[in-house]
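Welcome! Here are a few exercises to work through at your own pace, each with a worked solution.

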Amino acid sequence: MSWKLLMRSQPCKLCSLRKVLTAPTHRPILPRFTYTTDNQSKKENKKTVDKLYKFSVDVRKIRRLKEWVLLEDVTYVEEIANILQQLGADETAVTNILERCPEAVVCSPAAVHTQRELWQAVCKNEKELVKLIEQFPESFFTVKHQENQKLNIQFFQELGLKNVVISRFLTTASSIFHNPVEKNKEMIKILQENYLNLGGSEANMKVWLLKLLSQNPFILLNSPASIKETLEFLQEQGFTNFEILQLLSKLKGFLFQLSPRSVQNSISFSKNAFKCTDHDLKQLVLKCPALLYYSVPILEERIQGLLKEGVSIVQIRETPTVLELTPQIVQYRIRKLNSLGYRIKDGHLANLHGTKKEFEANFGKIQAKKGRPLFNPVAPLHVEE
């Protein structure tokens, strides 16, 4: 083949190759919806936007965070605002609620009325109810499983939980109300049975149960199998029934949310870090149940943070509850104590651990002691003239 003939035929091969490379073997998969504002996409509902502007809502914020609300064909801006106003919400409260939870405007007014009645069953003061809705709008406008919500509210009231506690559940643990009431009843029964099997008394069972629920309502989201597995694991570790009850109370039921494997890892790490026997480690855990709850990376970080501040392993073993503090809190408290001349590494860690209120009280006592005069100001002075 001549050179000219070769050049003449090459473009055809290139074109064929280009077609092979560029021609798709199947239709590209496109997203079903595209939430953009170009001319080819679904346009914003102008009526929704105008009504939100009427209530001084920052539409740009909604457009940035939850634009899908503005694309809905049917919304109930005025109706939802009217329901809130009937409860006593002022203009500022209505604006705040719609900005924080714009999806409220796609809820049907009938569903929101029902939700209002459900929440009023435990929060009869409308002013307080408006405050709750303003603080937790997402919980209020989650208007699904309303029959389950109603039956669970009645069940919790029958258990003896106070309305103020149930109100807190509705705002911060709303998922437990979406459970069928039968599931929550089953979990309560299992907790009661295990409490009695561990040596708890019938007389104290109700108080124990209500306290556990008020501290950690999410315990109802566990499965019966996970509770059984956790209790059996703790018994295998040598904890007595009485000690397990102590751990459950101190950890507020969060123990059931841990897998035995993660607890075993934490136990093994602590045993190695503190160079102690199984018996000694058990005593440490009873003093500081968080040793079971915290993961190995958290425990390692906190121990290393204390060691960097000059605290010894021996001191940590004496006061293991200091591990409940983050490294940042430890640094802050040590700096404050150092400002008074108190050397943490030379003393006990009792003044370091505890809640913020407890620490500030201890700090105040040390500060007062440091500032106390060495002589009695009311005693007569014997001075030679």
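Is E126 buried, partly exposed or exposed? Before solving this, note that the model is predicted, that local features need pLDDT of at least 70 and side-chain atom pairs pLDDT 80 or more, while totals for chains, interfaces and linings use all residues. Residues are numbered from 1 along each chain as its sequence is written, and side-chain values use heavy atoms, leaving out hydrogens and water.

**Exercise 1. Place E126 and its partner.**

Solution. Start with the scale: buried means under 20% relative accessible area, exposed over 50%, and partly exposed in between, with a 1.4 Å probe and protein chains only. E126 has a relative accessible area of 30%, so E126 is partly exposed. Next, look for a partner: the side chains of E126 and R116 form a salt bridge, at 3.6 Å from N to O. (A salt bridge is a side-chain nitrogen of Lys or Arg within 4 Å of a carboxyl oxygen of Asp or Glu.) Because E126 belongs to helix α8 (residues 126–135) and R116 to helix α7 (residues 109–120), the pair ties together parts 10 residues apart in sequence. (Helices are DSSP runs of H or I with at least four residues, numbered from the N terminus.) Finally, R116 has a relative accessible area of 14%, so R116 is buried.

**Exercise 2. Describe two more salt bridges.**

Solution. The structure holds 11 salt bridges. Take R63 and E44, whose side chains meet at 2.7 Å, N to O. This pair links distant parts of the chain, 19 residues apart: R63 sits in helix α3 (residues 59–65), and E44 in the loop between α1 (3–22) and α2 (46–54). R63 is partly exposed at 29%, and E44 is partly exposed at 25%.

Now turn to D50 and K46, with a salt bridge of 2.9 Å, N to O. Both lie in helix α2, four residues apart, which is about one turn of the helix. The relative accessibility of K46 is 60%, so K46 counts as exposed; D50, at 38%, is partly exposed.

**Exercise 3. How do α5 and α6 cross?**

Solution. Two packed helices are described by the angle between their axes and the distance between the axes. The axes of α5 (residues 77–86) and α6 (residues 91–100) come within 10 Å and cross at roughly 135 degrees. (Axes are lines fitted to C-alpha atoms over the stretch in contact, and angles run from 0 to 180 degrees between N-to-C directions.) The two helices are therefore oblique to each other, given that under 35 degrees is roughly parallel, over 145 roughly antiparallel, 65 to 115 roughly perpendicular and the rest oblique.

Which residues meet? I80, A81, L84 and Q85 of α5 touch V94, I97 and L98 of α6, where contact means heavy atoms within 4.5 Å. These residues divide into six nonpolar, one polar and no charged. (Ala, Val, Leu, Ile, Met, Phe, Trp, Tyr, Cys and Pro count as nonpolar, Asp, Glu, Lys and Arg as charged, and the others, Gly among them, as polar.)

**Exercise 4. Find the surroundings of Y195.**

Solution. First locate Y195: helix α12 (residues 181–197) contains it. Y195 has 6% relative accessibility and so counts as buried. Leaving out residues up to four places away in sequence, Y195 touches G200, S201, N204, M205, W208 and L245. Lastly, Y195 and L209 are 14 residues apart in sequence and 8.7 Å apart in space, C-alpha to C-alpha.
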